Every structure is written in C-alpha cells, then in structure tokens.
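Reader: I'd like to go through this model with you and hear the reasoning behind the labels. Can you show it to me?

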Amino acid sequence: METSVRKKISKALIVDDEIDICYLLEGILKKKSVWSTYVNTLSDAQIMLRKETPSIIFLDNHLPDGLGVEFIDHIKKYYPSTKVVIITAVDSSSDRKMAYEHGADYFISKPFNMEIIYNVVEKLK
C-alpha cells in the first residue's frame, strides 16, 4: 500500500503592493481550497510570518520597501518548509536567475492566469 508523503498546500501568504493582484490570487487560491491572506510590504510580511507560517508565499519582486528576491533568504532561513513563488511584471533572465539563486521554488511573470496558479500549486505540493 502506497502512502502519500506530499504536503497539502493549505495556507498562502500573498505579498504584493498591487491590491488587484492580491484579490485575484486570493480568489484563485480559494477555488483550490487554499486559505490565503495578503500584505503589501516586506515589513508586514515579516510580522505576518511571526503569527503564522504559510505553506506557500506568492512574493512580488518589486515592493515599496525592498526586493522580494532579497527577502527569500529570510524566508528560507526561518521558514525552510515554506515554498516561495516570485511573481513579477519584470521578467528578465537576470531576475529569474537571481530568484532561483536565492532559493525561489517557482517564478511567474505578470500577467498570469488561473491555470498557471493551479499548476504551480500542484507542482509545489
């Protein structure tokens, strides 16, 4: 008998300064039974992470108080089991490389759609 060791993604933190993106992601994740909350800055993300550890973080790269890719180091150090998905409107090979070097689990460029988010959640289980 096989037992599944795949972790269910049940909680997500969205870190994006665009409220519309936060609402869109929240709605998409809800359809996959993933509870989510959002914040708009890295400092608010740090506060939220102290309260609850999500299974996955959707992290914008360009935020008012810093770069998301630089925040990945903090996430991986203190919350190593949390998956990190960079979402950004600036999709360059250097940004992708930097994100993966810092430990991002996935990189999505904006605009994205429901199918892309579903696929990422499924792959990162």
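Author: Here is a predicted model, and what follows is a chat about its aromatic pair, a helix and some salt bridges.

Reader: Let's start with the rings. Why is the pair of Tyr 23 and Tyr 38 called edge-to-face?

Author: A ring pair is described by the distance of the centres and the angle of the planes. For Tyr 23 and Tyr 38 the centres are 5.7 Å apart and the planes stand at 90°. Centres must lie within 6.5 Å to pair, and planes over 60 degrees apart count as edge-to-face, so that is the name this pair gets. The count for the structure is 1 aromatic pair.

Reader: What makes that pair a tie between separate parts?

Author: Tyr 23 sits in helix H1, residues 19-31, while Tyr 38 belongs to strand S2, residues 35-39. The pair therefore ties together parts that are 15 residues apart in sequence.

Reader: Why is Tyr 38 called partly exposed?

Author: Its relative accessibility is 23%. Buried would need under 20% and exposed over 50%, so Tyr 38 falls in between. Tyr 23, with a relative accessible area of 48%, is partly exposed too.

Reader: What about Lys 32, what makes it lie over the face of Tyr 118?

Author: The cut-off for the charge is within 6 Å of the ring centre and within 35 degrees of the ring normal. Lys 32 is at 4.7 Å from the centre of the Tyr 118 ring, and it does lie over the face.

Reader: Back to H1. How do you know that its span agrees with what is expected?

Author: H1 has 13 residues, and at 1.5 Å a residue they should span 18 Å. The end C-alpha atoms are 19 Å apart, which agrees. Just after H1, Ser 33 takes a positive phi of about 60°.

Reader: Which residues of H1 are buried, and how do you know that they line one face?

Author: The buried ones are Ile 21, Cys 22, Leu 25, Ile 28 and Leu 29. Looking down the axis of H1, they fall within an arc of 135°, so they line one face of the helix. Asp 20, Lys 30 and Lys 31 are exposed, on the face turned away from the buried side.

Reader: What covers those buried residues of H1?

Author: The cover includes strands S1 (11-15), S2, S3 (56-60) and S6 (83-88), along with helix H5 (114-123).

Reader: Now the charges. Why is Glu 52 with Lys 11 called a salt bridge?

Author: The closest N and O atoms of Glu 52 and Lys 11 are 2.9 Å apart. The limit is 4 Å, so the pair qualifies as one because its distance is within that cut-off. Glu 52 lies in the loop between helix H2 (42-51) and S3, and Lys 11 in S1, 41 residues apart. The structure holds 8 salt bridges.

Reader: How do you know that Lys 110 and Asp 60 link distant parts of the chain?

Author: These two form a salt bridge, with the closest N and O atoms 3.6 Å apart. Lys 110 is in the loop between strand S7 (106-109) and H5, whereas Asp 60 is in S3, 50 residues apart. Both Lys 110 and Asp 60 are buried. They also belong to a network of salt bridges with Asp 16 and Glu 18.

Notes
Residues are numbered from 1 along each chain as its sequence is written. This is a predicted model: local features need pLDDT of at least 70, side-chain atom pairs count only at pLDDT 80 or more; totals for chains, interfaces and linings use all residues. Side-chain values use heavy atoms; hydrogens and water are left out. Rings of Phe, Tyr and Trp (its six-membered ring) pair if their centres lie within 6.5 Å; planes under 30 degrees apart count as stacked, over 60 as edge-to-face and the rest as tilted. Helices (H or I, at least four residues) and strands (E, at least two) are DSSP runs, numbered from the N terminus. Buried means under 20% relative accessible area, exposed over 50%, partly exposed in between (1.4 Å probe, protein chains only). The expected span of a helix is 1.5 Å times one less than its number of residues. The arc is that of the directions from the helix axis to the C-beta atoms. Contact means heavy atoms within 4.5 Å. A salt bridge is a side-chain nitrogen of Lys or Arg within 4 Å of a carboxyl oxygen of Asp or Glu.
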